[in-house]
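Me: Could you take me through this model by way of a few pointed questions, giving the cut-offs behind each term?

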Amino acid sequence: QVQLVESGGGLVQPGGSLRLSCAASGSLFSIKAQGWYRQAPGKQRELVAGITHGGFTNYADSVKGRFTISRDNAKNTVYLQMNSLKPEDTAAYYCNAETPYGTYWGRGTQVTVSS
């Protein structure tokens, strides 16, 4: 059982930056991988970035070179640093955690990129 809480969303201008945070609690020893997903109205949820227990990362092609996922084990928190933001990055962003017992999701945080 894992609980996840996202924070850091908001309204930013194109070209701006934002850092999202995902604080985890519960059975943290069971987490094998964590990630950030996003979903815009009328679209399917898509993977933005992921990080494994061993520290390997992967990114959607649309965000490579602009976004960075990282983890602070001492704070039980995963971050998504978002730079050079574009209007098409606008979406609800969700963090997740994968365990042998299932996948857990936060409630999401809204990111809006607009001039």
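The questions below go from the overall fold to single residues.

Reply: This is a predicted model, in which local features need pLDDT of at least 70 and side-chain atom pairs count only at pLDDT 80 or more, while totals for chains, interfaces and linings use all residues. Residues are numbered from 1 along each chain as its sequence is written, and side-chain values use heavy atoms, with hydrogens and water left out.

Me: How many helices and strands are there in the protein?
Reply: Helices (H or I, at least four residues) and strands (E, at least two) are taken as DSSP runs, numbered from the N terminus. Along the sequence the pattern reads β-β-β-β-β-β-β-β-β-β-β. The count is therefore zero helices and eleven strands.

Me: What is the radius of gyration of the protein?
Reply: The C-alpha trace spans about 40 × 25 × 25 Å along its principal axes. The radius of gyration is taken over C-alpha atoms, and the globule rule is 2.2 Å times the number of residues to the power 0.38. For 115 residues that rule gives 13 Å, and the protein is as compact as a globular protein of that length because its radius of gyration is close to this, at 13 Å.

Me: Is Arg 38 buried or exposed?
Reply: Arg 38 is found in strand E4 (residues 33–39). Buried means under 20% relative accessible area and exposed over 50%, with partly exposed in between (1.4 Å probe, protein chains only). Since the relative accessibility of Arg 38 is 6%, Arg 38 counts as buried.

Me: Which side chains make polar contacts with the side chain of Arg 38?
Reply: A polar contact is a pair of N or O atoms within 3.5 Å; within protein, one must be able to donate a hydrogen and the other to accept it, and residues adjacent in sequence count only if both atoms are side-chain atoms. One such contact, of 3.4 Å, links Arg 38 to Ser 62, and another, of 2.9 Å, links Arg 38 to Tyr 93. The partners are thus Ser 62 and Tyr 93.

Me: Which residues of the largest nonpolar core touch the most other members?
Reply: A nonpolar core is a set of buried Ala, Val, Leu, Ile, Met, Phe, Trp, Tyr and Cys residues joined through side-chain atoms within 4.5 Å. The largest one holds 28 residues, and strands supplying at least two of them each include E3 (18–26) and E9 (91–99). The members that touch the most others are Trp 36, Leu 80 and Tyr 93.
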